[in-house]
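Thanks for making the time this morning. I would like to walk through one structure with you, and I will try to keep each remark tied to what can be seen in it.

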Amino acid sequence: MQIRIKLYASLSKLLPEGVKPHEGFLLDIDDAMTPNQLIDLLKIPRPMAHLILCNGTYIKPADRDSAVFEPDDVFAVWPPVAGG
């Protein structure tokens with residue numbers, strides 16, 4: 001199946017060249033893939049995948065090994081951020 005991947009902040013450097021974070025890119029994945037498996041596939045260190053959304057809904061860390069995707073989902077990832 002195909003889903004859209006969006007990576008923000010410092011993770012945007014992992015996007016294919018020319019891809020804007022808010023547009024993302026399409027990726028073919030296995031039907032049974034979990035969010036953590038996708039994080040690993042994208043070569044994002046798990047501690048850097050702080051905020052994960054699927055179609056705008058937060059995926060809790062405890063649910064990242066069991067959730068499954070549907071075709072055309074949008075998967076967005078943000079790293080931990082600090083501000084002042």
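Arg46 counts as partly exposed, with a relative accessibility of 40%, and I begin there because 40% lies between the 20% and 50% limits used for the partly exposed class. I should say at once that this is a predicted model, and everything that follows should be heard with that in mind. The side chain of Arg46 meets that of Asp40 in a salt bridge, with 2.6 Å from N to O, and Asp40 is likewise partly exposed, its relative accessible area being 40%. Side chains of opposite charge can pair when their charged atoms come close. How many salt bridges does a search of the whole structure find? The search finds one.

Let me turn to the sheet. Five strands form an open sheet, and if you read across it the order is β2-β1-β5-β3-β4, with mixed pairing. The edges are taken by β2 and β4, each of which has a single partner strand, so one side of each is left without a neighbour in the sheet. For the strand β5, two pairings deserve a closer look: β1 and β5 run parallel and are paired over four bridges, whereas β3 and β5 run antiparallel and are likewise joined by four bridges.

Which residues stand opposite Phe75 in β5? On the parallel side, Ile5 stands opposite Phe75, and on the antiparallel side Cys54 stands opposite Phe75. Further along, Leu51 is the residue that stands opposite Trp78 in β5.

That brings me to the aromatic rings, of which the structure holds two pairs. In one of them, the ring centres of Tyr8 and Trp78 lie 4.4 Å apart with the planes at 5°, so the pair is stacked. This pair links distant parts of the chain, since Tyr8 is in the loop between β1 and β2 while Trp78 is in strand β5, 70 residues apart. Tyr8 counts as buried at 18% relative accessibility, whereas Trp78, with a relative accessible area of 25%, is partly exposed. In the other pair, the rings of Phe69 and Phe75 have their centres 5.4 Å apart and their planes at 90°, so this pair is edge-to-face. Both Phe69 and Phe75 are buried.

Now to two buried loop residues that touch these phenylalanines. Thr34 sits in the loop between β2, residues 25-28, and α1, residues 35-41. Is Thr34 buried or exposed? Thr34 has a relative accessible area of 8%, so it is buried. Leaving aside residues up to four places away in sequence, Thr34 touches Arg64, Asp65, Ser66, Ala67 and Phe69.

Ile59 is placed in the loop between β4, residues 57-58, and β5, residues 74-78, and Ile59 is buried too, with a relative accessible area of 9%. With the same exclusion of residues up to four places away in sequence, Ile59 touches Pro35, Ile52, Cys54, Arg64 and Phe75. The C-alpha atoms of Ile59 and Pro35 are separated by 8.4 Å, although these residues are 24 residues apart along the chain. Taken together, the two contact lists both include Arg64.

Finally, a word on the backbone, where I would draw your attention to two residues with positive phi. Ala9 has a phi near 55°, a positive value in a residue other than glycine. Ala9 lies in the loop between β1, residues 2-7, and β2, and at 45% relative accessibility it counts as partly exposed. What is the phi of Lys43? Lys43, which is not a glycine either, has a positive phi of about 60°. Lys43 lies in the loop between α1 and β3, residues 51-54, and, with a relative accessible area of 68%, Lys43 is exposed.

I will stop there, and I am happy to go back to any of these residues in the discussion.

How values were computed:
Residues numbered from 1 in each chain as written. Predicted model: local features only at pLDDT ≥ 70, side-chain atom pairs only at ≥ 80, totals over all residues. Heavy atoms only, no water. Buried < 20%, exposed > 50% of the residue type's maximum accessible area, 1.4 Å probe, protein only. Contact = heavy atoms within 4.5 Å. Salt bridge = Lys/Arg side-chain N within 4 Å of Asp/Glu carboxyl O. Pairing = 2+ DSSP bridges. Phe/Tyr/Trp six-rings, centres within 6.5 Å; stacked < 30°, edge-to-face > 60°.
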